[in-house]
Amino acid sequence: MDSQVLNRLTGNSNYNLDNEKDLRSKRPSSYTATISGFRNVYNILPGTVLFLGFYKGLGTVYVAVSKHEMIRYMNLKTIEVWKGQELAESDLVGITYTTPLQFE
């Protein structure tokens with residue numbers, strides 16, 4: 001994953017891409033990035049919030065960035081957006097727990 005994307009997502013350069021080796025492999029076990037070491041989660045591309053919800057205390061937000069693509073932010077402690085909201089790049093999406101953010 002590109003460091004500019006990670007810097008935009010976390011708002012700083014202090015983070016750990018926990019499964020980088022797997023993501024860079026020829027046959028990754030998952031395409032979900034697991035990122036830790038930060039709290040605030042920022043939107044990386046302009047889009048519209050399609051879904052938000054909580055399951056077992058962990059929040060998830062889906063942002064449509066085109067008619068055929070979406071971004072998913074998972075493992076959020078708080079969600080700072082609402083369904084239908086238009087987001088700009090760098091808008092605060094939510095805050096993570098001490099558990100890593102999962103990002104697709």
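Modeller: Let's start with a rule: buried means under 20% relative accessible area, exposed means over 50%, and partly exposed is what lies in between (1.4 Å probe, protein chains only). The model is predicted, so local features need pLDDT of at least 70 and side-chain atom pairs count only at pLDDT 80 or more, while totals for chains, interfaces and linings use all residues. Residues are numbered from 1 along each chain as its sequence is written, and side-chain values use heavy atoms, with hydrogens and water left out.

Colleague: Why does Thr 34 count as buried?

Modeller: Its relative accessibility is 16%, which falls under the 20% limit, so Thr 34 is buried. Thr 34 sits in strand β2 (residues 33-36); strands are DSSP runs of E with at least two residues, and helices are runs of H or I with at least four, numbered from the N terminus.

Colleague: What does Thr 34 touch, leaving out residues up to four places away?

Modeller: Its contacts (heavy atoms within 4.5 Å) include Asn 16, Leu 17, Pro 100 and Gln 102.

Colleague: What makes Phe 51 and Tyr 62 an aromatic pair, and which kind is it?

Modeller: Rings of Phe, Tyr and Trp (its six-membered ring) pair if their centres lie within 6.5 Å; planes under 30 degrees apart are stacked, over 60 edge-to-face, and the rest tilted. Here the centres are 5.2 Å apart and the planes meet at 85 degrees, so the pair is edge-to-face. Phe 51 is in strand β4 (residues 47-55) and Tyr 62 in strand β5, so the pair ties together parts 11 residues apart in sequence. Tyr 62, at 22%, is partly exposed.

Colleague: And why is the pair of Tyr 73 and Phe 103 called tilted?

Modeller: Their centres are 5.6 Å apart and their planes stand at 50 degrees, which is neither under 30 nor over 60, so the pair is tilted. It joins strand β6 to strand β9, parts that are 30 residues apart in sequence. Tyr 73, at 0%, is buried, and so is Phe 103, at 7%.

Colleague: Which residues have the most contacts inside the largest nonpolar core?

Modeller: Such a core is a set of buried Ala, Val, Leu, Ile, Met, Phe, Trp, Tyr and Cys residues joined through side-chain atoms within 4.5 Å. This one has 21 residues, and those with the most contacts inside it are Leu 9, Ile 35, Val 61, Tyr 73 and Phe 103. Among the elements that give two or more residues are α1 (3-10) and β9 (101-103), while β6 gives the largest share, 4 residues.

Colleague: How do you know that Arg 72 and Glu 104 form a salt bridge?

Modeller: The rule asks for a side-chain nitrogen of Lys or Arg within 4 Å of a carboxyl oxygen of Asp or Glu. The N to O distance is 2.3 Å, so the pair qualifies. Arg 72 is in strand β6 and Glu 104 in the segment after β9, so parts 32 residues apart in sequence are tied together.

Colleague: How many salt bridges does the structure hold?

Modeller: There are 3. Another joins Glu 89 and Arg 8, with the closest N and O atoms 3.4 Å apart; these residues are 81 apart, Glu 89 being in the loop between β7 (86-87) and β8 (92-96) and Arg 8 in helix α1. Glu 20 and Arg 24 meet at 2.9 Å, N to O, and are separated by about one turn of helix α2 (residues 20-24). At 56%, over the 50% limit, Arg 24 is exposed.
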